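Visitor: I would like a close look at a single part of this structure, with enough of its surroundings to place it. Please take me through it slowly.

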Amino acid sequence: MLFLLISCFSFIFFFKSFSFKPMKSEGKMLLLGPWFWEGFSSFLVSWFNKGRFAVSMFQVPLKMPLTKVNLCSEVQEIVEEEGESPSLLDLPELALECILERLSPAELCSMAGVCNSLRDRCRSDHLWEKHLKHKWGRVICEAACKEWQCHIASRKRPSFLDQRNKKGFFGSLMSMWPFSWYKSQCESRNKPTTCLPVDSIMALYLSLESGKFWFPAQVYNRENGHVGFMLSCYDAQLSYDSKTDTFQARYSPFARRTIEESIHRDRLRAPPVETPAHVLHTSDCLNDLKPGDHIEIQWRRSKEFPYGWWYAVVGHQELCDGNENRCRCRYSGEWIIRNYTVVLEFSQYTPGSRWRQTIVNRKDHREVGNEADGFYGGIRKLYKEEEISKWKQLWPKQIFD
């Protein structure tokens with residue numbers, strides 16, 4: 001039927017246009033010449049290839065007067081009769097890319113299920129990197145990326161049954177019935193149901209959103225703001241709960257194991273240094289410390305516990321009255337040489353409390369303390385106003401003894 005229709009159209013147009021004589025069409029002059037056959041043939045070819053009327057393939061030459069003929073409107077009427085609409089993939093590359101960049105993560109996932117072409121585009125790393133930085137950039141650090149790489153490696157590692165190069169008696173045994181049937185059943189169960197690459201940024205984002213991936217980060221005022229942890233920050237393994245938009249924390253497996261739930265995002269941060277929780281941090285700012293400086297210092301209750309980072313302020317020396325006109329604590333040179341000690345004040349405790357002050361050695365600083373008062377470790381000076389203001393936001397409403 002289609003072949004007959006094309007033959008009829010071809011014969012009629014060929015017969016009418018062969019003499020190059022003008023013919024009337026609703027009061028307009030319709031000129032059909034060699035230029036027409038080039039456009040019409042390309043239109044028919046595109047119709048065969050796509051199985052539908054492709055308006056974009058039928059290009060009318062610019063030299064054709066629009067007042068003479070308006071074939072595009074005729075094609076548009078045919079397309080409307082067929083009930084077809086333009087495809088998203090017909091858009092230019094740049095336009096399609098701009099649309100995808102404006103989609104949310106949920107919309108990208110929905111768009112990826114439309115077709116194979118959009119699936120590959122919607123899983124591109126450059127689209128998901130923006131969403132990952134926006135939602136997770138504040139809590140994801142280098143340590144979390146390394147842990148994700150280990151997670152990927154464990155998923156890519158071949159299973160016991162996937163080692164097809166087994167030799168000897170056991171390899172022959174597994175190829176015999178009924179072991180071969182059991183092997184095929186296990187392989188079918190272990191076969192992934194999705195072809196999403198495990199090392200893609202989209203896979204990392206979805207693993208974080210689903211809570212399947214536990215990542216390392218630090219928690220301010222752990223254990224729901226317990227008095228014993230006010231103005232501190234401890235390492236933990238975190239999992240996200242998308243239903244409540246909160247996190248669950250698992251603290252160090254050493255000593256006692258603690259789990260905390262319903263942690264809001266404003267109590268989290270990425271570790272500012274790569275020092276593990278059980279390692280003494282190397283202090284490189286001791287000679288620059290002066291009264292009024294904001295610092296974080298490692299502290300742990302006993303040797304078997306991990307360090308936490310505690311907020312403190314550098315105080316004045318014992319012989320200094322704190323008067324700015326007479327204070328020499330901030331001077332360098334001979335005064336620093338003769339005064340190696342640095343006073344650290346924890347102002348969340350009342351004056352006279354054993355937790356109010358501690359003194360560290362500026363020249364030869366190492367872990368100091370005892371089982372009664374705990375152990376003080378490395379020091380890092382706070383230079384960014386953002387870090388200082390965060391500690392001030394967490395300041396308790398009352399001071400402790």
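Guide: What follows is a close look at the loop that holds Gln 348 and Tyr 349, and after that at other parts of the chain. The model is predicted, and its protein chain contains 14 helices and 13 strands. Of the 401 residues in the protein chain, 39% are buried, and the accessible surface amounts to about 25300 Å², with 56% of that surface belonging to carbon and sulfur atoms. Among contacts in the protein chain with a separation of 6 or more, 60% are between residues 24 or more positions apart.

Let us begin with the loop itself. Gln 348 lies in the loop between E10 and E11, and the loop between strand E10 (341-345) and strand E11 (357-361) is also the place of Tyr 349. With a relative accessibility of 1%, Gln 348 counts as buried, and Tyr 349, whose relative accessible area is 9%, is buried as well; the cut-off that matters here is that buried means under 20% relative accessible area. Once residues up to four places away in sequence are set aside, Gln 348 touches Met 230, Leu 231, Trp 310, Tyr 311, Trp 395, Pro 396, Ile 399 and Phe 400. Tyr 349, leaving aside its neighbours within four places in sequence, is in contact with Trp 310, Trp 355, Arg 356, Phe 400 and Asp 401. Trp 310 and Phe 400 therefore appear among the contacts of Gln 348 and among those of Tyr 349, which is itself buried. A further link across the sequence is given by Tyr 349 and Gln 398, which are 49 residues apart along the chain while their C-alpha atoms are separated by 9.0 Å.

One of the residues touched by Gln 348 is Leu 231, and it leads to another loop. Leu 231 sits between helix H12 (222-225) and strand E4 (232-241), where it has a positive phi of about 60° although it is not a glycine. Leu 231 is buried, and its relative accessible area is 0%. Asp 245, in the loop between E4 and strand E5 (246-250), is also a residue other than glycine with a positive phi, here near 55°. Asp 245, however, is partly exposed, with a relative accessible area of 39%.

The helices offer a separate view of packing in the chain. Helix H5 (residues 105-112) packs with helix H7 (residues 125-136) at an angle of about 155°, their axes lying 11 Å apart, which means that H5 is roughly antiparallel to H7. The crossing in which H5 passes H7 is left-handed. In this contact Pro 105, Leu 108 and Cys 109 of H5 meet Leu 127, Trp 128 and His 131 of H7, a set of 5 nonpolar residues and 1 polar residue, with no charged ones.

H7 also packs with helix H11 (residues 201-210), the axes coming within 8 Å and crossing at roughly 35°, and here too H7 passes H11 in a left-handed crossing. From H7, the residues Asp 125, Trp 128, Glu 129, His 131, Leu 132, Lys 135 and Trp 136 meet Ile 201, Met 202, Leu 204, Tyr 205, Leu 208 and Glu 209 of H11. By class, this contact has 8 nonpolar, 1 polar and 4 charged residues.

Definitions and conventions: Residues numbered from 1 in each chain as written. Predicted model: local features only at pLDDT ≥ 70, side-chain atom pairs only at ≥ 80, totals over all residues. Heavy atoms only, no water. Axes fitted to C-alpha atoms, helices over the stretch in contact; angles between N-to-C directions. Helix = DSSP H or I, 4+ residues; strand = E, 2+ residues; numbered from the N terminus. Parallel < 35°, antiparallel > 145°, perpendicular 65-115°, else oblique. Left-handed = near helix turned anticlockwise from the far one by under 90°. Contact = heavy atoms within 4.5 Å. Nonpolar A, V, L, I, M, F, W, Y, C, P; charged D, E, K, R; others polar. Buried < 20%, exposed > 50% of the residue type's maximum accessible area, 1.4 Å probe, protein only. Areas by Shrake-Rupley, 256 points an atom, 1.4 Å probe, with all protein chains shown as cover.
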